[in-house]
Amino acid sequence: MEKRNATLSHQLIIVMVGIVLGTVIVCWFLNNTFLEKYYIYNKEKGLLTCFDKVTQELERAGDDASEYDIAFERLCSDNNINMLITNMNRELVWTSYSNAQRFQMQMDDWIYGSDRSKIQILQTGSNYTLVLQTDERLKTEYLVLMGERASGGYVYMRAALESIRESAQITNKFFAAVSAGAIVLSLIVIIFLSRSISSPIRSLSEISRKMSDLDFE
């Protein structure tokens with residue numbers, strides 16, 4: 001009987017540990033497979049939201065940079081993006097880049113020049129195009145939004161995918177560390193619970209044995 005109770009306790013531990021490990025493995029797989037894609041998807045939505053805000057502000061204030069300088073700077077900082085705005089003559093209106101001329105030339109080359117083979121179009125709208133661009137020189141990928149202003153000119157926005165991938169990797173490492181701690185804690189709790197469950201069963205088994213021996217005390 002003692003052996004049977006010990007076996008029951010072991011079976012409970014194995015089942016509970018299996019459930020915990022299975023849940024952690026499934027969550028880790030989903031996290032590792034889809035988290036980066038989810039981050040990129042949200043960054044795409046964020047670029048479109050920023051573009052809408054910028055075009056609305058430009059329509060209100062025109063090309064007077066003093067009207068929106070701080071607002072655009074905060075927008076770029078909060079969303080971890082770089083931005084460049086031109087007027088209908090492709091002259092610089094506002095930028096977050098220190099080397100705006102080089103970036104504008106690079107952007108124009110992506111749109112009008114021979115560099116289009118290095119971009120992958122992800123999404124298009126009535127007044128914008130969202131692409132995945134690869135900088136061959138830096139071996140870095142960017143999400144780039146190229147939008148047209150209603151009054152003429154362009155809005156260029158760019159976000160580095162490397163920072164997104166780094167955030168996803170940090171999240172995955174944190175999840176792995178938390179999961180390891182959760183597994184250890186769960187194992188301790190499971191052992192305690194299995195003993196708590198099997199102890200009454202052992203008592204009942206002992207009572208049953210005594211009753212079979214006609215001991216009804």
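**Close-up views of the predicted model**

**View 1. Strand 1 between its partners, strand 2 and strand 6.** Thr-86 has Leu-92 of strand 2 as its bridge partner, where helices (H or I, at least four residues) and strands (E, at least two) are DSSP runs numbered from the N terminus, and two strands are said to pair if DSSP finds at least two bridges between them. The model is a predicted one, in which local features need pLDDT of at least 70 and side-chain atom pairs count only at pLDDT 80 or more, while totals for chains, interfaces and linings use all residues. Residues are numbered from 1 along each chain as its sequence is written, and side-chain values use heavy atoms, with hydrogens and water left out. Strand 1 and strand 2 run antiparallel and are joined by three bridges; the hairpin that they form has five residues between the strands, and Arg-90 there adopts a positive phi near 65°. With strand 6, strand 1 pairs over four bridges, again in the antiparallel sense, and Ile-85 stands opposite Val-155 of strand 6. Because four of its five residues are buried, strand 1 is largely enclosed by the rest of the structure (buried means under 20% relative accessible area, exposed over 50%, and partly exposed in between, with a 1.4 Å probe and protein chains only).

**View 2. The largest nonpolar core, seen around Val-54.** A nonpolar core is here a set of buried Ala, Val, Leu, Ile, Met, Phe, Trp, Tyr and Cys residues joined through side-chain atoms within 4.5 Å. The largest such core has 27 residues, of which Val-54, Met-83, Ile-85 and Met-157 touch the most other members. At least two residues of this core come from each of helix 1 (2-61), helix 2 (65-79), strand 1 (82-86), strand 2 (92-95), strand 4 (128-135), strand 5 (140-148), strand 6 (154-160) and helix 4 (161-212). Helix 1 supplies the largest share, eight residues. Not counting residues up to four places away in sequence, Val-54 touches Phe-72, Leu-75, Met-83, Ile-85, Val-155 and Met-157, contact meaning heavy atoms within 4.5 Å. A second core, separate from this one, has seven residues, among them Ile-119, Val-144, Met-146 and Tyr-156. In soluble globular proteins, nonpolar side chains tend to be buried together.

**View 3. Helix 2 and its bend at Ala-71.** The 15 residues of helix 2 reach 20 Å from the first C-alpha to the last, close to the 21 Å expected at 1.5 Å a residue, the expected span being 1.5 Å times one less than the number of residues. At Ala-71 the helix bends by about 25°, the bend at a residue being the angle between axes fitted to the seven residues ending there and the seven starting there. Buried residues of helix 2 include Tyr-68, Phe-72, Leu-75 and Cys-76, and just after the helix Asn-80 takes a positive phi of about 55°.

**View 4. Strand 4 between strand 3 and strand 5.** Six of the eight residues of strand 4 are buried, so that this strand is mostly covered. On one pairing, strand 3 (residues 119-124) is antiparallel to strand 4 over five bridges, with Gln-120 bridged to Leu-132 of strand 4, and the hairpin of strand 3 and strand 4 has three residues between them. On the other, eight bridges join strand 4 to strand 5 in an antiparallel arrangement, in which Thr-134 stands opposite Glu-141 of strand 5. The hairpin of strand 4 and strand 5 has four residues between the strands, and Lys-139 takes a positive phi near 55° there.

**View 5. The surroundings of Val-24 in helix 1.** Val-24 counts as buried because its relative accessibility is 18%. Leaving aside neighbours within four places in sequence, Val-24 is in contact with Phe-175, Ser-179 and Ile-183. Val-24 and Phe-175 lie 151 residues apart in sequence, yet their C-alpha atoms are 9.6 Å apart in space.

**View 6. Helix 3 and strand 6, the extremes of confidence.** pLDDT, the predictor's confidence in each residue from 0 to 100, averages 81 over the chain, with 83% of the residues scoring at least 70. Confidence is lowest in helix 3 (residues 100-112), at a mean of 64, and highest in strand 6, at 90. Where pLDDT is low, the predicted coordinates should not be read in detail.
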